[in-house]
Amino acid sequence: MPEKGKIIVEVENLSVGYEETVVLEKINFTVKTGEVFGILGGSGAGKSTLLKHMLGLYPPFTGDVRIFDKSIINSSDVEKDRLMRSFGVTYQGGALLGSLTVGENIALPLEAYTDLNKHDILKVIQEKLALVDLRGTENVMPAELSGGMKKRAGLARALALDPELLFFDEPSAGLDPITSVELDELILRLRNQFDTTIVIVTHELASVFGIIDTVIMLDKKAKTIVAEGDPKVLRDTSTSQWVHDFLNREEHNTVK
Amino acid sequence: MEDHKKQNPLVDMVEKIGVAANTISNDFCFFVSFLGQLLMATKDVIRHPSKLRGKDILYYMDLCGSQALPIVLCICYLMGVILGFQFALQAQKVGAEIYVADGVGFSILKELGPFMVAIICTGRAGSAFAAEIGTMKVNEEISALQTMGFNPIVFLVIPKLLAMLFTLPILIVFGDLAGLLGGFTVGVSMMDLTPVAYIDRTFEVLIPSTMVMGVLKGLVFAVIISLVGCIRGFQSTSDAQGVGRATTSAVVTSIFLVVVSDAILTRLYTMWGY
């Protein structure tokens with residue numbers, strides 16, 4: 001069981017972007033064990049860009065990201081691959097491999113990184129699918145699933161190796177309010193049952209106030225973090241007009 | 001009404017040349033980096049063959065090979081018929097009908113068989129590779145593979161390359177035979193040649209190495225088609241139009257490189273006396 005309150009993700013002076021365009025700079029924050037941590041911001045604020053750099057998919061301009069006390073930026077390819085296996089990622093559209101069934105998708109990391117035989121792998125697949133309320137879909141192709149089911153199947157795959165840390169990229173995007181609440185409940189269940197640390201990129205306020213313990217807010221103009229803390233406290237006490245308007249869902253008038 | 005600024009044609013031309021040069025240089029850098037990653041991945045696969053998914057190789061062998069066979073047979077047979085007609089028209093003028101077998105045989109085995117099969121495979125498989133990888137990029141499937149600790153080159157490129165290296169030479173053999181059959185059909189039906197005379201002449205002039213050298217070209221074409229398809233897929237931007245552009249570009253680039261490599265190989269073969 002992971003030690004409570006221990007820093008599990010540490011982002012240090014990170015500057016990220018594409019080609020020569022800086023999207024975010026001077027990003028510093030930490031995520032602690034068992035926390036549901038939110039990365040919040042408006043469209044184009046760089047939330048997903050920050051997540052992709054945190055996952056080691058793109059090199060940052062400067063700074064470092066340490067996950068489980070190991071740098072994902074400065075490690076060798078072999079170490080990086082090993083580190084990547086220690087956490088799970090759920091993408092916006094599920095990112096299931098379209099040529100494989102749901103079961104084969106979940107089996108991928110199990111076949112590659114465990115010594116389980118076929119029978120045990122099938123048991124794990126069924127267990128993970130039951131956890132995300134998708135029993136009996138192991139032989140279904142991803143194209144036959146709805147948007148919400150794809151996300152849950154993607155989550156089942158992310159959970160295959162029982163990671164202590166899970167990243168979600170916009171889990172509620174494109175979902176109806178009921179499915180969105182169900183997914184939020186599932187995320188909370190994962191945290192409460194397994195003590196999984198969760199990092200969520202979102203702009204859905206219902207999710208922010210419903211499940212997130214600590215949030216950082218990114219601003220497109222400032223290109224950095226403009227607020228950090230408990231989302232409810234920020235909503236009620238923030239002195240920043242933009243943060244206040246965003247969290248209270250009010251129209252932000254820059255001419256005020 | 002806003003005034004339209006007229007661009008100086010010279011500046012416009014220089015700008016276009018600059019953009020083209022930049023594109024070519026970016027393409028070259030991407031290619032070199034991709035080749036480096038491919039070599040590292042190949043080394044990794046040789047050390048740990050279990051990293052390769054046999055199921056994927058079989059799937060791509062079916063896609064590139066058995067599914068392409070009917071169209072390869074049909075087109076190569078018709079190429080043989082067309083060549084047979086053309087040679088027959090010329091040969092009849094000088095009473096040298098029997099040389100139709102020589103003309104069709106050499107043309108098909110040395111050039112048109114491998115070339116037509118390569119063009120068919122570019123249109124079928126090369127474009128499919130680019131579209132598949134491009135779509136996977138749009139759907140974040142490649143990012144998902146990377147965050148699961150899989151090397152996309154091992155997972156997506158090497159199975160396609162191996163499948164193409166295995167199936168394209170076999171398709172060329174079938175294409176060659178179909179082309180020879182096309183020439184035979186014309187030779188026997190249009191001219192007064194007997195089947196035995198046509199076949200005897202074919203075996204007399206075509207030595208096995210003629211076919212082997214053509215088939216060896218297939219290995220070079222297989223590398224070009226599969227790698228260009230994959231590279232264009234990885235270069236695709238993450239939108240539907242990007243995937244379309246990547247697919248078109250994969251076909252155009254592959255055909256161009258197949259023609260260039262064919263010209264180089266033909267020159268080399270001639271120098272080596274084949």
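Q: Leaving aside its neighbours within four places in sequence, which residues is A:Ile198 in contact with?
A: This is a predicted model, where local features need pLDDT of at least 70, side-chain atom pairs count only at pLDDT 80 or more, and totals for chains, interfaces and linings use all residues. Residues are numbered from 1 along each chain as its sequence is written, while chains are lettered from A and ligands numbered from 1 in the order in which they are written. Contact means that C-beta atoms, placed from the backbone, lie within 7 Å. On that basis, the partners are A:Val36, A:Phe37, A:Leu166, A:Phe168, A:Ile187, A:Leu190 and A:Arg191.

Q: Which residues touch the most other members of the largest nonpolar core?
A: A nonpolar core joins buried Ala, Val, Leu, Ile, Met, Phe, Trp, Tyr and Cys residues through C-beta atoms within 7 Å; buried means 20 or more other C-beta atoms within 10 Å of a residue's own. Among the 131 residues of this core, the two are A:Ile198 and B:Ile225.

Q: Which helix gives this core its largest share?
A: Helices are DSSP runs of H or I with at least four residues, and strands are E runs of at least two, numbered from the N terminus. With 17 residues, the answer is helix H4 (residues 99–138) of chain B.

Q: What is the strand order of the open four-stranded sheet in chain A?
A: Strands pair if DSSP finds at least two bridges between them. S1(A) pairs in the antiparallel sense with S2(A) over eight bridges and with S4(A) over five. The full order is S2-S1-S4-S5.

Q: Which are its edge strands?
A: Each edge strand pairs on one side only. They are S2 (21–32) and S5 (70–71) of chain A.

Technical notes
Buried ≥ 20, exposed ≤ 12 C-beta atoms within 10 Å, placed from the backbone. Contact = placed C-beta atoms within 7 Å.
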